[in-house]
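The following note sets out points for a colleague who is examining this structure. The points move from the chain as a whole to its salt bridges, helices, cores and surface.

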Amino acid sequence: MACARRWLQSFGLNVTPHFSLFGVPVRVHGAFWFLALILGFLQYGRSSHPWAIVMWLPIVFLAVLLHEMGHALTGRRFGLRPEVHLTSMGGHTAWSAGRNLTHWRSILVSFAGPAVGLVIGGGALAFAAFGPSVPFVARLALQDIIWTNLGWAVFNLLPILPLDGGHIVAAALDRFFGVRGQRWARLVSVVVACALLALAVAYRNVFMAFMIGMWALQNYREWQASSQFADRLQTQARMRPRAAAPQSESLEAPLREAWSALEAGDAQRVRRIAEALVSRARTEDDRFDVVHLVAWGRALTGDPEGAAQALRMLPAGRLPDALLEGVIQLELGRPAQAVKPLAEAIVGRADDFVAKRLARAAAGSARYDDVLAILDDASKSEAVGVRALQIVANEAFYAGHHEAAAKLGERLFTRFGQATDAFNVACALGQLGRGSDALEWLEKSIDAGLSDPSVIDRDGDLAPLRALPGFQALRVKAGLAAT
């Protein structure tokens, strides 16, 4: 149930929220119920009352949901935009956008989830200990409420990433040790996880041993990956005198050269310059720029894993550039995680580079809500412009997402009034078998001044419409000879 920044969902599943709670969108993935059933079976499958699994499921659901709402509402209080996902790993709170957090606010957001469990579980424990006697079924329910809230909250506060306790330790260490903080947090996670792994093996708890073992391995790999970069970032800075020249006298010129190379599309040069600057970055602003340039260089030279590793070295509380994050997620094969940052980026930079990647991400994940939101906002859609949004709509059509293509085209036509968009809506509706609606949109495209009416006869996507009453009349209206 770790609180993850911008964590959008596992395995490329659709992330349309199922419902909202206190204004926070919530998505419950099917894998969540599978995990809850496994835990319920472990709890009650071999007991004398297996029927209690039916009671267990809603208790687990509410415990995990309220835990994540603790993260979400606290983060929203600090200016973040939360999304809650209940998944195969329990729960995640994702941040789609918002302000940078200080170390202490980050700690508060991470602690807020377990705090909810401590309060609810502690209250249930007090009632069980000092309250009136209750029937057997109610005692079982109280037992489950205590375990899923109080017990899981305590477990979540263990200093192991990706648990909340691990994030709290990471934020604190980053506050006091800078770039080395994340490295030390990984090392602490490995040590604690190994100790718990030995305990789980001693008690023959296979499920717990497997889960903790995976965390230990993951943190060990992350520790190895971050060590070299962190060492290079700090070694030379530690050897230089404290009164060294500020950025304007030391890194300004090479940074400007690297950004110019990035604008020119010379990725190899960007990477070469940026990685040479790693050991010279001493201030948080220097580090922020250098990390971004290293990540861009790696991402554009076919090394998205290295780019993601570089972004982990950002100063705590500083969010990466949305475009860079979207590009990295897309190249890592995570289109669903790339959509939102790319949709943010396209509002400020609506060129083909961004539009094509947003189109790929949306089509690869079948997720178009963020693009539709841009079209629903007059200022954003004007800032992006019709061409970039048409690229996304066209990609949706060719990906076979005709429903999404029709919605995008309808909004494009409403916003910009171009005949091409109305024509594309007709094609999409025709493929969906909605012939009468398709003919209406075909007429709208003609009325809007379809530049090449002969496309009505040539476009194969209109084939389902040609036998419908009214199609020939539209041809004639467009200036084509009757057949």
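1. Partial exposure at a salt bridge. The model is predicted. Asp 452 has a relative accessible area of 35% and therefore counts as partly exposed, since that value falls between the limits of 20% and 50%. The partner of Asp 452 is Arg 458, and the N-to-O distance in this salt bridge is 2.6 Å. Arg 458, at 54% relative accessible area, is exposed.

2. Overall composition. The chain contains 23 helices and four strands. Of its 483 residues, 49% count as buried. When contacts between residues at least 6 apart in sequence are considered, 65% of them join residues at least 24 apart. The exposed area of the chain is about 22,500 Å², with carbon and sulfur atoms supplying 59% of it.

3. Salt bridges between helix α10 and its surroundings. The whole structure holds 18 salt bridges. In one of them, Asp 303 pairs with Arg 271, and the closest N and O atoms are 3.4 Å apart. This pair links distant parts of the chain, 32 residues apart: Arg 271 belongs to helix α10 (residues 267–277), while Asp 303 sits in the loop between α11 (284–299) and α12 (304–311). Asp 303 is partly exposed, with a relative accessible area of 22%, and Arg 271 is likewise partly exposed, with a relative accessible area of 22%.

4. A buried pair. Which residue forms a salt bridge with Glu 275? The partner is Arg 298, with the closest N and O atoms 3.0 Å apart. Because Glu 275 is in helix α10 and Arg 298 in helix α11, the pair ties together parts that are 23 residues apart in sequence. Glu 275 and Arg 298 are both buried.

5. A salt-bridge network. Glu 83, Lys 340, Arg 367 and Asp 370 are linked in a network of salt bridges. Asp 370 lies in helix α16 and is buried, with a relative accessible area of 12%. Beyond its neighbours within four places in sequence, Asp 370 is in contact with Val 339, Lys 340 and Ala 343. Lys 340 thus appears both in the network and among these contacts of Asp 370.

6. Helix α15. Does the end-to-end distance of α15 agree or disagree with the expected span? The helix covers residues 352–365, and its 14 residues should span 20 Å at 1.5 Å a residue; the end C-alpha atoms are 20 Å apart, so the two values agree. The buried residues of α15 are Val 354, Ala 355, Arg 357, Leu 358, Ala 359, Ala 361, Ala 362, Ala 363 and Ser 365. Their cover includes α13 (322–331), α14 (335–348), α16 (369–376) and α18 (386–398). Ala 366 follows α15 and has a positive phi, near 55 degrees.

7. Helix α12. This helix is mostly covered, with seven of its eight residues buried. The buried residues are Pro 304, Gly 306, Ala 307, Ala 308, Gln 309, Ala 310 and Leu 311.

8. Nonpolar cores. In soluble globular proteins, nonpolar side chains tend to be buried together. The largest nonpolar core has 86 residues, of which Leu 408, Leu 442 and Ile 456 touch the most other members. A separate core comprises 25 residues, among them Val 26, Leu 57, Ala 72 and Leu 86. With neighbours within four places in sequence left aside, the contacts of Leu 442 are Phe 423, Ala 426, Ile 456, Leu 462, Phe 471 and Leu 474.

9. A nonpolar surface patch. Which residues make the nonpolar surface patch of about 500 Å²? They are Phe 34, Ile 38, Phe 41, Leu 42 and Phe 207. Helix α1 (residues 30–44) gives the most to this patch, with four residues. Phe 41 is found in that helix, α1. With a relative accessibility of 47%, Phe 41 counts as partly exposed, because the cut-off for exposed is over 50%.

Key. Residues are numbered from 1 along each chain as its sequence is written. This is a predicted model: local features need pLDDT of at least 70, side-chain atom pairs count only at pLDDT 80 or more; totals for chains, interfaces and linings use all residues. Side-chain values use heavy atoms; hydrogens and water are left out. A nonpolar core is a set of buried Ala, Val, Leu, Ile, Met, Phe, Trp, Tyr and Cys residues joined through side-chain atoms within 4.5 Å. Buried means under 20% relative accessible area, exposed over 50%, partly exposed in between (1.4 Å probe, protein chains only). Contact means heavy atoms within 4.5 Å. Patches are made of residues with over 30% relative accessible area and no salt bridge: like charges are joined within 9 Å, nonpolar side chains (Val, Leu, Ile, Met, Phe, Trp, Tyr) within 5 Å. Accessible areas come from the Shrake-Rupley method with a 1.4 Å probe; for residues, only the protein chains shown count as cover. A salt bridge is a side-chain nitrogen of Lys or Arg within 4 Å of a carboxyl oxygen of Asp or Glu. Helices (H or I, at least four residues) and strands (E, at least two) are DSSP runs, numbered from the N terminus. The expected span of a helix is 1.5 Å times one less than its number of residues.
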